[in-house]
Every structure is written in C-alpha cells, then in structure tokens.
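Biologist: Can you walk me through the inside of this protein? I'd like to start with the empty spaces.

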Amino acid sequence: MVLVGKLTTELGVKAPAAKWFNLLTAQLHHVQNLCERVHSTKLHEGDWHGVGSGLKHWTYVIDGKVHTCQESIESIDEQNKTIRFKLFGGDINQHYKTFKLIFELIDKNDGNVVVKWTTEYEKINEDIEPPNGYVEYFNKCTRDIDTYLLKA
C-alpha cells in the first residue's frame, strides 16, 4: 500500500528566470489575471509573499472541474530559485493528508530556462488516484505566464 508519491513536470520557457522568480515571489496575486485556469485568489491573512505569513484561497480548474484550496509559502530559496508551497483545505483535504508544491527555475548552460513543478503528496487512502491533473494544469499555467512575461 503506497500512499506517498511525487509528480514532476519540466517545461522550457523563453522569459528570463529573474522575471519568473519575481512574479512568484513579489507578484503572486497577478497569477489569477494571467492563467486561464485560475479563477480567483484571495488573501485571507498576512501578506501575499512572506514565508509562513500569508494564507491565500485559490479557485482553479483541473480536468474541467472547479477546485479550491488554501496555500501558504513554506520557503523561498533565492540562490537556487526555488519556492515551496503548502496546499491544504478545500478539495485537497478530501484526497490528501499532505500536499506540497515545489517551484524551481533551472538555468541551462545554453542560456535557456526550465520551469520545474514538483508535487509531493500523501493520499488519505490507496483508493485515491495520484494528482495527475495537476501536471497538465501547471504546464498550461506555465505557458500562460511565459507568454505574459515575454511581453512585460
């Protein structure tokens, strides 16, 4: 009985890593205006960008269904361009005991940038499917954000 899992997706992007990192560390509230599948985000307490100080509510679409969750930032590693998020509440708690999201920017030797999304989760029981829909969701959001950042 395996309840713990990890899903990862990597996507090459054209916008510079600095623009990506700035958006997710200093302008996270704009994501709802950039991603077709993000319907809304609301700040419930704290601030948008502080580690452990902000609690946000997200409404988004995965596999054609509207989902909700709450999110907080667990850590920001500026040197390695990595952000760790904790997702909970809403639809997440119906299926998972824990649900972590790791965003990482990887600078390639050829000057290109790769966005890497990793979802670490623990299912509440073995009948729950892995959160595969999140892979497509993050890929779509990555394309939407990259298009915006290239114009910005």
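Modeller: First, the term: a cavity is a set of grid points where a 1.4 Å probe fits but cannot get out. Its volume is the space filled by probe spheres set on those points. Keep in mind that this is a predicted model.

Biologist: How many cavities of 30 Å³ or more are there?

Modeller: Two. The largest holds about 280 Å³ of space. The second largest has a volume of about 40 Å³.

Biologist: Which residues lie nearest the centre of the largest cavity?

Modeller: Trp58, Leu101, Trp117, Tyr137 and Phe138, out of 18 lining residues.

Biologist: Which element gives the largest share of that lining?

Modeller: Helix H4 (133-151), with five residues. Strands S3, S4 (65-77) and S5 (82-88) each supply at least two.

Biologist: And what is the lining of the largest cavity like by class?

Modeller: It has 17 nonpolar residues, one charged and no polar ones.

Biologist: What about the second largest cavity, by class?

Modeller: Six nonpolar, four polar and no charged residues line it. Among them are Leu7, Thr8, Thr9, Pro131 and Tyr134. Trp117 and Phe138 also belong to this lining, and both are named for the largest cavity too.

Biologist: New topic. Where does Thr59 sit?

Modeller: In strand S3, residues 55-62.

Biologist: Does Thr59 count as buried or exposed?

Modeller: Buried, because its relative accessibility is 14% and the cut-off is under 20%.

Biologist: What is Thr59 in contact with, leaving aside neighbours within four places in sequence?

Modeller: Arg37, Val38, His39 and Ser40, plus Val66, His67 and Thr68.

Notes: Residues numbered from 1 in each chain as written. Predicted model: local features only at pLDDT ≥ 70, side-chain atom pairs only at ≥ 80, totals over all residues. Heavy atoms only, no water. Helix = DSSP H or I, 4+ residues; strand = E, 2+ residues; numbered from the N terminus. Buried < 20%, exposed > 50% of the residue type's maximum accessible area, 1.4 Å probe, protein only. Contact = heavy atoms within 4.5 Å. 1 Å grid on protein atoms, 1.4 Å probe; cavity = no way out; pocket = protein on both sides within 12 Å on 5 of 7 lines; lining within 4 Å. Nonpolar A, V, L, I, M, F, W, Y, C, P; charged D, E, K, R; others polar.
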